[in-house]
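Hi there,

Here is the structure I promised to pass on to you. Have a look at it first, and then read on for what turned up.

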Amino acid sequence: MLADNSPRRIQRGVMEKQRRQQMNNLYSRLASLLPPSQAELPKPALLDYSSTYVKILQKRIRELEAKKEELKSETSTSAKDSTLQAIEVIEKGSIVEVNLVTGLNKGFMLHEVINILEEEGAQILSANYSASTDRVFCTISSQAFSSRIGIETSRVHERLKALCGTGCFSPAVVGN
């Protein structure tokens with residue numbers, strides 16, 4: 001009878017050894033996923049720490065996702081802001097000064113603004129153009145070809161608003 005049970009015991013012993021080896025491999029794999037300082041914990045403590053560590057990582061993921069959404073909203077806000085334009089037409093006697101602010105991605109063309117001023121009877125005295133990281137600033141000083149006729153600043157202002165489109169912030173024309 002002992003001989004009959006012997007192969008079964010041997011088979012069970014082999015299966016148990018394989019199970020222990022598989023469990024040790026799984027513990028090793030688990031330890032490799034944890035911070036190095038925690039990898040040498042005893043097996044029961046390793047399991048406890050692992051569950052705590054997963055919760056810590058899940059919390060960190062939620063925090064990072066929230067930050068990502070916040071940054072996305074800031075980026076979309078700054079993208080919207082970068083297309084906004086501001087136009088200001090200031091009349092100082094026979095001198096008309098035009099100040100423009102636009103986003104870099106708007107495709108702003110300085111020559112179009114100069115053409116409008118010239119078509120309205122202005123002679124360009126100076127034009128300053130500068131760009132920052134996300135804005136373009138332009139100041140154009142002009143004078144009427146004929147001081148008797150002058151320049152109709154409200155018409156210049158309306159044409160510039162039409163040039164920049166609907167996303168344009170436009171304070172009123174400023175006179176003397």
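Which elements of the chain have the lowest and the highest mean pLDDT? Strand S5 (residues 168–169) sits at the bottom with a mean of 52, while S3 is at the top with 88. Please keep in mind that this is a predicted model. Over the chain, pLDDT averages 80, and 80% of the residues score at least 70.

Now for the strands. You can find S3 at residues 122–131, and nine bridges join S3 to S4 in an antiparallel arrangement. To see one of these pairs, look for Ile124, whose bridge partner in S4 is Ser142. Three residues lie between S3 and S4, and the two strands form a hairpin.

S4 (residues 135–144) also pairs with strand S2 (residues 95–103), again in the antiparallel sense and over nine bridges. Here Leu100 is a good place to start: Cys138 is its bridge partner in S4. While you trace these strands, remember that side chains in a regular strand alternate between the two faces of the sheet.

Then there is helix H4, which covers residues 153–164. With twelve residues at 1.5 Å a residue, H4 should span 16 Å, and its end C-alpha atoms are indeed 16 Å apart, so the two values agree. Which residues of H4 are buried? They are Thr153, Val156, His157, Leu160 and Cys164. If you look down the axis of H4, these buried residues fall within an arc of 100°, which means that they line one face of the helix.

Happy exploring!

Note on methods. Residues numbered from 1 in each chain as written. Heavy atoms only, no water. Helix = DSSP H or I, 4+ residues; strand = E, 2+ residues; numbered from the N terminus. Expected span 1.5 Å × (residues − 1). Buried < 20%, exposed > 50% of the residue type's maximum accessible area, 1.4 Å probe, protein only. Arc of directions from axis to C-beta. Pairing = 2+ DSSP bridges. pLDDT = per-residue confidence, 0-100.
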